[in-house]
Each structure stands twice: as structure tokens, then as C-alpha cells.
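The following paragraphs walk through a protein model, taking helices, pockets and a few individual residues in turn. Please keep the sequence and the structure in view while reading.

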Amino acid sequence: MSDDNAAPRVIALANQKGGVGKTTTAINLGTALAAVGKRTLVVDLDPQGNASTGLGVGPRSRERSTYDLITGSASASDVIRATEIPNLWIAPASPDLSGADIDLIDARDRNLRLRAAIDPVGSEFEFILIDCPPALNLLTVNAMVAAGSVLVPLQCEFFALEGLSQLLRTIEMIKKSLNQKLTIQGIVLTMYDKRNNLSAQVAEDVRGTLGDLVYQTVIPRNVRLSEAPSHAVPALVYDQNCAGSQAYIRLAGEMLRREGVALAA
Ligand code: ATP
Ligand code: MG
């Protein structure tokens, strides 16, 4: 039996560093969870809208977006759309999200907008993955206030740990002031290149520093993962057997095991 009536696991994918694999992880982890029967919503909170495009919602078909959720001009049920993938929904982004900081400058509840907007639909989903922009701004704070945990994609490169302490401090601050229940879901190493000694060295350093917070599953550098978005489908649909897709299936399995969630739908 699955725990259908329980509150959803709301997970913010955050790292203020750009291009570390937040969106690729949101799309493919979301697809992998959906594939094992978990009703999953991806919330695209990045004005770039890459998660929306990657899940088949192009820029011209985003009349209602997460901008409306943040400004309160539409409800979650108006914004959320089914994707082509069974069990997977998307709340698409739009470029006007980049002005949300300014638009809400006088709003006292500006950090709580996303939480308030998704709360009414929470019981319809088992997982809600929020794809954050590469900044510790109002949008990312909204994601961390709405979330129960933060999943941090970390690229296996020389400066991997740089910036992480600032991210962890931000999580601590939000925990103290706005969301006491916030935890760190885990750190997932991305773009691991097994032919490159540096990747192995970085992975070892990160595990040495952060221990069990780091997922065993490592996402390899895999060209299929980067090709899939141009076909507007997750890598798991584009090429289910590629190393990247298989890694995201393992990541979903590891996450569900960590959370003690039954795999069977
Ligand atoms: P941003 O901070 O701009 O939102 P991001 O953290 O969401 O970026 P992605 O968009 O997921 O990062 O990835 C950055 C680029 O790297 C994209 O072109 C993506 O297709 C590619 N990419 C992501 N993960 C991998 C991987 N494991 N192997 C190869 N390419 C990858
Ligand atoms: Mg992104």
C-alpha cells in the first residue's frame, strides 16, 4: 500500500551555481518517480523555464505559470498541467518570474507565496519537485519555505564545494526563521566523468566532508541527458537505456529507500 493520504514530499532542487544539473535532475528524477507510480509534480520556478521546455511545455503555451502562483493571480489547479508522461505534472515557468523580487517588494508575505499556492493541491501528489533558479533569491526562498527538504545537485568539478557553505547557511537561516521542518534531502553528484581523475577526487572530497548526506548514486556525464531537452522529452523517454537515464532510475530508488517509501504503487 502506498501512503496516498499523507502529505506530499516537497523537495526543492537548489544550488545557486548555474549549470550543475538542477533542472536535469528535476525532470529525470521526476520521470523516474512517476514511472514507479508516484504521482509527481515538477514546479518550474526558474524564469529560464528549462524544466517546462524539457517536459514538453514550450514558451508559447504557458498562459498560466508559476509567476501567477507567486503573485496570487491564479490557483495551482489553473497552472498545473499534465505532461505526456503518466503520473507526471508540471507547473510551468514564464520569463516574468525574473521580476518577482521587485513585484513583491512591498508584500509582507512574499516568502510564503508558493507554499500558500501549492498547499491546496498537495494531497493530489506524492512528490513535488521544485526546480530553483541559480540564485539565492526570493524564488529560491519561496521554494525552501514550501519544501520539506532540499536536494542539492553538485557538479563533479574543481570548485564543487565552493558556494556550498553559503547554500547550507541559507538553509539554516530559513529553518530558523520561516520553515522549522526544512531538512537536507541529500547531495547528488552530477556530471561524473569516470575517465577523469578529477571527478573521482572531487567525489571523494565531497563524501569526506559531507558523509552520508551524499547519495551513493552518482549521475555520470552523459550526452543523452543533454540531448533530450531539445526533443522536449525527459532522457528517460528519449533513451531509457542510456547511462544517464539508468542513473536517475537508481537515484529515485535510493531516495525512496531512504524515505522508506514502498516501491510498488
Ligand atoms: P541553471 O542553473 O542554468 O538552471 P541547472 O543547474 O538546472 O542550470 P541543467 O540545466 O540541468 O543545470 O544542466 C546544465 C547543462 O548541462 C544542460 O545543457 C544539461 O543538458 C547538461 N547536463 C546536465 N546534466 C548532465 C549530465 N549528467 N551529463 C551531460 N550533460 C548534462
Ligand atoms: Mg535549471
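Helices here are DSSP runs of H or I with at least four residues, numbered from the N terminus. The model is a predicted one.

Helix α12 covers residues 243-259. Its 17 residues should span 24 Å at 1.5 Å a residue, and the C-alpha atoms at its ends are 24 Å apart, so the expected and the modelled span agree. Just after α12 comes Gly260, with a positive phi of about 70°. The buried residues of α12 are Gly244, Ser245, Ala247, Tyr248, Leu251, Ala252, Gly253, Glu254, Met255 and Leu256. These buried residues pack against two groups of elements: the strands β1 (9-13), β5 (127-131) and β7, and the helices α1, α10 and α11 (235-238).

Helix α8 can be treated in the same way. Its 14 residues, 164-177, should span 20 Å at 1.5 Å a residue, and a distance of 20 Å between the end C-alpha atoms agrees with this. Which residues of α8 are buried? They are Leu164, Leu167, Thr170, Ile171 and Ile174. Because they cover an arc of only 120° around the axis, they lie on the same side of α8. On the face turned away from that buried side, α8 carries the exposed residues Arg169, Met173, Lys176 and Ser177. The cover over the buried residues of α8 includes the helices α7 (138-146) and α9 (197-210), together with the strands β6 (149-155) and β7 (183-190).

One residue of helix α9 is Gly208. Is Gly208 buried or exposed? Its relative accessibility is 65%, and exposed means over 50%, so Gly208 counts as exposed. Between the C-alpha atoms of Gly208 and Ile27 there are 29 Å in space, and the two residues are 181 residues apart in sequence.

Lys22 makes a second case with a sequence separation of 181 residues: its partner is Ala203, and their C-alpha atoms are separated by 18 Å. Lys22 lies in helix α1. With a relative accessibility of 6%, Lys22 counts as buried, because the limit for that class is under 20%. Neighbours within four places in sequence left aside, Lys22 is in contact with Leu13, Ala14, Asn15, Lys17, Asp131, Cys132, Pro133, Pro134 and Pro153.

Lys22 also belongs to the account of the largest pocket, where Gly21, Lys22, Thr23, Thr24 and Met191 lie nearest the centre among 29 lining residues. The volume of this pocket is about 450 Å³. Helices α1 (22-35), α2 (50-54) and α10 (223-227) each supply at least two residues of its lining, and the largest share, five residues, comes from α1. By class, the lining of the largest pocket consists of 14 nonpolar, 12 polar and three charged residues.

The second largest pocket holds about 350 Å³ of space. Its lining has 15 residues, and those nearest its centre are Val10, Arg115, Ala146, Ala147 and Gly148. Two or more lining residues come from each of α6 (113-118) and α7. The lining of the second largest pocket divides into eight nonpolar, four polar and three charged residues.

Backbone angles bring the text back to Met191. Most residues other than glycine have a negative phi. Met191 is not a glycine, yet its phi is positive, at about 55°. Met191 lies in the loop between β7 and α9. Asn87, also a residue other than glycine, has a positive phi near 70°. The loop that holds Asn87 runs between β3 (81-82) and β4 (88-91). A relative accessible area of 25% makes Asn87 partly exposed.

Met191 is also one of the residues touched by Gln155. Gln155 has its place in strand β6, and at 14% relative accessibility Gln155 counts as buried. Besides Met191, the residues that Gln155 touches are Gly19, Val20, Ala160, Thr190 and Arg221, not counting residues up to four places away in sequence.

Notes. Residues are numbered from 1 along each chain as its sequence is written. Chains are lettered from A and ligands numbered from 1 in the order in which they are written. This is a predicted model: local features need pLDDT of at least 70, side-chain atom pairs count only at pLDDT 80 or more; totals for chains, interfaces and linings use all residues. Side-chain values use heavy atoms; hydrogens and water are left out. The expected span of a helix is 1.5 Å times one less than its number of residues. Buried means under 20% relative accessible area, exposed over 50%, partly exposed in between (1.4 Å probe, protein chains only). The arc is that of the directions from the helix axis to the C-beta atoms. Contact means heavy atoms within 4.5 Å. On a 1 Å grid over the protein atoms alone, a cavity is a set of points where a 1.4 Å probe fits but cannot get out, and a pocket is an open set with protein on both sides within 12 Å along at least five of seven lines; lining residues have an atom within 4 Å of a point. Grid points are joined across faces, edges and corners, and a volume is the space filled by probe spheres set on the points. Ala, Val, Leu, Ile, Met, Phe, Trp, Tyr, Cys and Pro count as nonpolar, Asp, Glu, Lys and Arg as charged, and the others, Gly among them, as polar.
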